[in-house]
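Got your viewer open and a hand on the selection box? Let's take a walk through this one, stop by stop.

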Amino acid sequence: MTVTPRAKPEFSTLRLMGGLFSYRRGLFVVNLVLWGAFHTVPVAFAYAAKVLFDRLRLGDLTGAWIALAAFGLARLARFGVFSAAFTLWIDLWYRLDALVRRNLLSHLLTAPRARRLPDTPAEAVSRFRDDVNEVAQYTEFFTDGSGILLYALVSFALMWSIDPLITVVVCAPLLLMVILVRFLSNTIRAYRRRSREATARVTDFVGEAFAAVSTVKLAAREPMMVAHLERLGETRRHAALRDVLLTELIRSVNTNMVSVATGMVLLLAASSIRAGSFTVGDFVLFATLLPRLANSMTFFGGMLAQHRRTGVSFERMLRLLGDAKPGQIVEHHDLHLSSEPPAAPPPPAREELRELRAEGLTALHESGRGVRDVDLVVRRGEFVVITGRIGSGKTTLLRALLGLLPSGGRITWNGRAVEDPASFFVPPRSAYTSQLPQLFSETLRENVLQGAHEGRLQRALDLSVLAPDVTQLDRGLETVVGARGVKLSGGQVSRAAAARMFARDAELLVFDDLSSALDAQTERLLWEGLAEDAGERTCLVVSHRRAALLRADRILVLSEGRVVDQGRLGELLERSPEMRELWAEDEPVTD
Amino acid sequence: MSSSSRSALAVLGRYLLPQWPRVLLLAVLLLGSIGLQLYVPLVLQRFIDTAQQQGALATLYRLAGVYLGAAVIVQLMQAGATYVGADVGWTSTNRLRADLMRHLMNLDMAYHKDHTPGEMIERVDGDVTALSNFFSQFSVRVFGAMLLLVGSLGVFWWRDWRVGLGVTLFAGLTLTVLLRLRRIGVEPSRQEREASARLYGFIEERLTGLDDLRALGAGPHALRGFLGVQKDFFWKSRAAWISRSVVWRASFVLFAIGYTAVLGAAVGMYAAGLVTIGTVYLYYQYMTLVEDPIDQLTQQLQELQKAGASLIRVGEVLALRTTLHSGERALPEGPLEVRFDDVTFSYGSGEDHAPVLRGVDLTIGAGRVVGLLGRTGSGKTTLTRLVTRLYDPTLGAVRVAGVDTRDLDTGALRERVAVVTQDVQLFQASVRDNLTLFDDRVPDDRVEEALKEAGLGDWLAGQPEGVRTPLAAGSLSAGEAQLLAFARVLLRDPGVVILDEPSSRLDPATEARLTLAMTNLLRGRTAIVIAHRLDTVARADDILVLGDGRVLEYGPRETLARDRASRYSALLSAGRSDLEEVLS
């Protein structure tokens, strides 16, 4: 079975946003009301200013003082509204953010069936950060939008009531501007993208050049690296300047249109202001309302663009999740922001392994490589080794069996068909150590336990031959390891991962090539320890080490994705040239 | 002034001064636009007063026209200033980036061992980009804002010294208060950044280890951990935003008071018959010209601090010095002799740095192929590093063609001594650039030739644009990457080749190509091969066995093979399973 590219998921951005807004409905509505007030209050102080100037003109000083008091109060009121609205907005924003992130991670970590990230983990993290952010920004458009719309309508009505002609004439350039910006937005995006790409090329190159710094130094090519950086920098300068130029032009057109509109008010009102039918106060009102009116039009233009971007973000999230339904992204769950998260559910019940069987197991990568039609049997207490050259499909076979890759074929456990290997092959049924195991930036203890019972810790450390290393560490088991902690050696990482597996006491232990990071001596100790440990261990092991091969009850020799032979070491060495070569290749002359 | 900020200023001067014409243009545009911005409200005032006094309609139209024109010119000048600022910023910082890259590349390997490529990106591009923002935006925004603020205050003083004094006090107070309040946000923001780094770090690690977690059934446990990390992030972010918003809240209150007070003063003066209604409007307008720059200044100050910190870091990096100074002597053509004169070496001084090589004394004749054997940690790699002068010996000397490497021109030495490691570093660039390492002087046909000689002829034929084809990440197999590394060396025709042969078993076809290419590579050259394979060792002229930094055995392969007491013959006869014991 190959992985077919999924059809573009069908979803409605608005419906998903609706799902988010209903997560904390009350909080959302309060935000709507408060931000609505925040955005419409400026109409009040523009109007107060108008009244003030009109009263002054008429010589009504009392009226002017009252208007001034109203002006001051309106401004203070805006402060009050802002103070309340802001905290509530942060509450809403970060809750929705957290919900989407939780849903994404939960699906990846716990949903059934094989899970494969479409890109690198770093790329995937940007779904959690940048795309989740896009969604939050779109939310902001909704909470702000109602208020801004109200402002625009009230301002327009006010201006219309004073002078419909001038209102229409000054609003025209504002609309024109919005249309122009919309018209140019594709160009802006293209410039922005080019500028970002140019930046990515610069940073990628710097990263690559320093990753290869010894190669570069050894080839005495430092000057060429600098020259290449200069070329890339020049490209970026051009791209960035173009971006700046267009953005600045649009920005100044933006501001200009307000000035032009104000100027037009002056021109159109020149005669009527002289005649007194258009008052100074009216002018003040127009001049004060116009900038915000212009902003509100750009705002709605921006909202359209944000709608599209949010759609793209949802799409990217769905691509990350693979088989999730769109609604899952916004599903309502408790985030436990003020309480302890509940304990993880208990593992499935233990059931003794008698026989694990795979028939016609097939898993192919896009490159066409992989494993085809593999039959495999592992019985209770057996030590089964899968061996073969690099690229023969050993790892793929293990991963397909455990459901870490989508695969075809039939897998049975004690004769019963396994429907979803991904959720079936977990402790206490099986446990797995991958070829390049990943430790996390937490203490060694937490790394080994990963939620398992503390009582098995010491035995896990002994079995994995990690105990001597632990005593060497300054803080022992409490040492923080991983990317942000103490760097363990490759062998220590492998053994810590093995310990993590032993801590779960599973029926079937699956090892993917520990030998790439362990020396022969340590690997031998590990197998010996495991053999002495009580209980009938069933092991499925990828290895080319003699220590493993000698111990094997059965060896499967893999070549180009197929099992070319299987049996005990002695018989294989006699009849299989491939096995003989692999045997001879072990124990390299050096390391 | 501290020495670090002095060096920061020196950096600034070095990169800005050469661009003085554009810096001058920037200043002119900035001053011009600010002057006009200050002028525009005066036009409005005259318009209002003229209208109130029933002045000529023509005057009103003229004033409206002037207003329109001035407004347009202000915007054009501002756009121009931003553009020129960006250009100055990018040009000067690009120069700075190149200098930093040159400088860092020339630093010793000891430095690079301690610093990841990610850190280097931060040093060469991250810090410098903060500076570029400084040039392109800060100069225009902050400097412009300061000028505008001073200008508007000046107009208030000119109009009425009492109002001028009042508004100046107000502006001073507001700036002080806002800048002080901004500091409240610094610590919570730092905690927020930490929490955010933890959150995304947590996610990235779990995604990287997704298979491990799922196969261990630890998904729910990880999700539980995530909820904890996210809870922390939520509350830290919330606290940070709330503490940052204090500045905005204060600014709302202060400006509510400021506007009301200025308007109040104007109304009072109008009542006393001191000013016209146009002047009342003028004050109202100028208040905007006080508010905007104060906003800008409080916002941009953080950027200024960031740029300052970057500038200091850049100065520090530029002050680092290499300890390996290049000599001047050149090397002859053809295969070269390599001599170790009683060489002892350790990677650092002090007790915790035991010598990696101890009294290594041997000569490798020109054109000989030496198979280098030894366990991990026996000093094999270190020995080869000394030949290329990535490090200098602690005691003794390494001589190539009879010359102490310290007396040789380092560039010339590395041109003639080539190294192929197992770990082949590739660039996301064309095939050609990957081979020449961005050297434009090498013609395409030389590159093609080298690829064919390295056994990549067929592979090259499959590339749509030949040597100009971009090399996509992951498009080469491990074996092909090795061959490409061979081609890199073949392009240079070195006199000594140091080769760490691949230790992992590749598919048979690639392996055959590798063997063939290796023959081409070693022919007519002095070679030190760190061997992982018996057939490679079998082709060597001499065998060198290292153990614990000492020469255990060195001599012609055939002699050693015949000598029953030698480690090499023991290794041949004892069966390879206990080879490690033989070597130790």
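What follows is a tour of a predicted model, starting with one whole chain and ending at a single arginine.

**Stop 1: chain A, zoomed out**

Select chain A and colour it by secondary structure: you should find 18 helices and ten strands. How does its radius of gyration sit against that of a compact globule of 591 residues? The globule would come out near 25 Å, but chain A has 34 Å. Line the view up with the principal axes, and the C-alpha atoms fill a box of roughly 115 × 60 × 50 Å. Buried residues make up 46% of the chain. If you like contact maps, look away from the diagonal: among contacts in chain A with a separation of 6 or more, 77% are between residues 24 or more positions apart.

**Stop 2: two backbone oddities in chain A**

Go to P427(A) and P428(A) and show the backbone. The peptide bond linking them is cis, with omega near 5 degrees. P428(A) belongs to the loop that runs between α10 (421–424) and β6 (430–433) of chain A.

Now jump to D373(A), in strand β2 (residues 370–379) of chain A. Its phi is near 55 degrees, which is positive even though the residue is not a glycine. Is D373(A) buried or partly exposed? It counts as partly exposed, because it has 13 C-beta neighbours inside 10 Å, and the buried class begins at 20.

**Stop 3: where the chains meet**

Bring chain B back and select the residues in contact across the two chains: 117 from chain B and 124 from chain A. On chain B's side, helix α9 (residues 219–271) gives the most, with 28 residues. Colour that side of chain B by residue class and you get 62 nonpolar, 32 polar and 23 charged.

**Stop 4: the six-stranded sheet in chain B**

Hide chain A and pick out the open sheet whose strands go β6-β7-β8-β3-β9-β10 (chain B), with mixed pairing. Which strands stand at the edges? They are β6 (417–420) and β10 (550–556) of chain B; each has a single partner strand, so one side of each is left without a neighbour in the sheet. Neighbouring strands here are turned by 15 degrees against each other on average, direction ignored.

Zoom in on the β6(B) edge. Four bridges join β6(B) to β7 (residues 496–500) of chain B, and the two run parallel. For a pair to label, try V420(B), which stands opposite L499(B) in β7(B).

Next, add helix α11 (residues 380–387) of chain B. It lies across β3 (369–373), β6, β7, β8 (526–530) and β9 (542–547) of chain B. Relative to β7(B), the helix runs at about 155 degrees.

**Stop 5: helix α14 of chain B and its surroundings**

Select residues 444–453 of chain B, which make up helix α14, and show V447(B), A450(B) and L451(B): these are buried. Look down the axis and you'll see why they belong together: they cover an arc of only 100 degrees, which puts them on the same side of α14(B). As a reminder, an α-helix has 3.6 residues a turn, so residues three or four places apart point the same way. The cover over the buried residues of α14(B) includes α13 (431–436), α15 (457–461) and α16 (478–490) of chain B.

Past the end of the helix, click on G455(B), with a positive phi near 85 degrees. Before the helix, in the loop between α13 and α14 of chain B, sits L437(B). That leucine also has a positive phi, about 55 degrees, although it is not a glycine. It counts as buried, because 23 C-beta neighbours lie inside 10 Å.

**Stop 6: β1 of chain B, with a partner to each side of the list**

Select strand β1 (residues 338–345) of chain B. Five bridges join it to β2 (residues 357–364) of chain B, running antiparallel, and V338(B) stands opposite I364(B) there. Another five bridges join β1(B) to β4 (residues 395–400) of chain B, also antiparallel. In β4(B), the partner of F340(B) is V398(B).

**Last stop: R182(B)**

Finish in helix α6 (residues 161–184) of chain B, home of R182(B). This arginine counts as partly exposed because it has 18 C-beta neighbours inside 10 Å. Which residues does R182(B) touch, leaving out those up to four places away in sequence? They are V247(B) and T298(B).

Technical notes. Residues numbered from 1 in each chain as written. Chains lettered and ligands numbered in written order. Predicted model: local features only at pLDDT ≥ 70, side-chain atom pairs only at ≥ 80, totals over all residues. Rg over C-alpha atoms; globule rule 2.2 N^0.38 Å. Buried ≥ 20, exposed ≤ 12 C-beta atoms within 10 Å, placed from the backbone. Contact = placed C-beta atoms within 7 Å. Arc of directions from axis to C-beta. Pairing = 2+ DSSP bridges. Axes fitted to C-alpha atoms, helices over the stretch in contact; angles between N-to-C directions. Nonpolar A, V, L, I, M, F, W, Y, C, P; charged D, E, K, R; others polar.
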